[in-house]
Amino acid sequence: MHQSDVIDVLIVEDESNLRQLYQELITNTPWMRLVGTASTLHSARRLNAEYQPTLILLDNYLPDGQGITLLNQPEFKRHNCFVIFITAATDMDTCSQAIQSGAFDYILKPVSWKRLNHTLRRFMQFYGQQRLWKVVDQQCVDSLYSLQYSNFHGAQENKGIEDNTMQRVIEPFQQAPEQAFSIDDIMEVTRLSKTTIRRYLEYAVDNKLLHAEKLYGKVGQPRRVYCWINESTIDS
C-alpha cells in the first residue's frame, strides 16, 4: 500500500475504556489513521460527514440512538465507507440488518483483542486489493470474499503465524505490487530468517495473497519468486 492508501478510521463507542482500546489498536496498525472518536450517534454523524472515513468501528447501543441507523443516513451513503460492528446486540434482526447493509464484520462484546486485530488485518488486505485491481476475474472475486468472510478460529489454527511478522513480510509486495521478490530479497528488507520468511510466504500463497512462480536463469537451478496477486500476475 502507498501513503495515499492510508485508511482513515472513525471510532463510535460510548464506553471510554473501549474507545481507548480501539484507539490504541488503530494507532498500532500499519496504514490506518484515526480521524476521530464519537460517543453519541449525533457526533458520529457530524464526524462522518466532516472526515468521510474509509472505516467506522461502530457500536450499536448509543445514548441517543442505535448505530445501525447511521448506515441509512444520506451522508453515510455519499462516500465509500465500510463498517465493522462491535456490539452487544445479539438479536438476529440487528445482525441481519448489518449484513444486508454491507458491514465488513460483526463482532460481539465482550471484545477479544485478537479477534478485532484479526478483522482489521483482513480489512487492510481487502481494501488494498480493491485499490490495486481495476478489473476482476473469478479468482479475484473469490479472494475478496475469502478475506471478508474468513473464519477467525480457522486463522487461529495456523500456528506460528503472527500478524506483525506477516505484515513485515508482505509490505514490500504492497509497496511494489508489480515486482517479484525472492526469499533472499525479503531477507534483506526484513532481516528475518530464511526459514521464517519461507513459511510466511507459503502461507500467503495458500491464502491467495501472493502468487509463486519459477524464474529460470541462464545457468543453475530456477529460483522461486513471489508476486503480489493482481490482474497482471493472475493473467500471466
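A good place to begin in this predicted model is a salt bridge between the side chains of glutamate 50 and arginine 46, with a nitrogen-to-oxygen distance of 3.9 Å. Both residues belong to helix H2, which covers residues 41-51, and they sit 4 residues apart, or about one turn of the helix. Glutamate 50 is partly exposed, at a relative accessible area of 48%, and arginine 46 is likewise partly exposed, at 46%.

This pair is one of 9 salt bridges counted in the model. Another joins aspartate 59 to lysine 109, whose closest N and O atoms are 3.4 Å apart. Here the two partners come from distant parts of the chain, with their positions 50 residues apart. Aspartate 59 lies in the loop between strand E3 (55-58) and strand E4 (61-62), while lysine 109 lies in the loop between strand E7 (105-108) and helix H5 (113-132). Aspartate 59 counts as buried because its relative accessibility is 2%, and the cut-off for buried is under 20%. The contact also has company: Asp59 and Lys109 are linked with Glu13 and Glu15 in a network of salt bridges.

A further salt bridge connects aspartate 8 with arginine 33, and in this case the closest N and O atoms are 2.6 Å apart. It too ties together distant parts of the chain, as aspartate 8 is in strand E1 (residues 7-12) and arginine 33 is in strand E2 (residues 32-38), 25 residues apart. The two ends of this bridge fall into separate accessibility classes: aspartate 8 is buried, at 15% relative accessible area, whereas arginine 33 is partly exposed, at 42%.

Attention now turns to a sheet. Three strands form an open sheet in the order E8-E10-E9, and their pairing is antiparallel. Strand E8 (181-182) and strand E9 (210-215) are the edge strands, each of them pairing on one side only. In general, the strands of a sheet pair through backbone hydrogen bonds. Between E9 and strand E10, which spans residues 223-228, there are 6 bridges, and these two strands run antiparallel. Within this part of the model, histidine 211 stands opposite cysteine 227 of E10. Helix H8, made up of residues 163-175, packs on the sheet and touches E8, E9 and E10. The direction of helix H8 makes an angle of about 70 degrees with that of E10.

Technical notes: Residues numbered from 1 in each chain as written. Predicted model: local features only at pLDDT ≥ 70, side-chain atom pairs only at ≥ 80, totals over all residues. Heavy atoms only, no water. Pairing = 2+ DSSP bridges. Contact = heavy atoms within 4.5 Å. Axes fitted to C-alpha atoms, helices over the stretch in contact; angles between N-to-C directions. Salt bridge = Lys/Arg side-chain N within 4 Å of Asp/Glu carboxyl O. Buried < 20%, exposed > 50% of the residue type's maximum accessible area, 1.4 Å probe, protein only.
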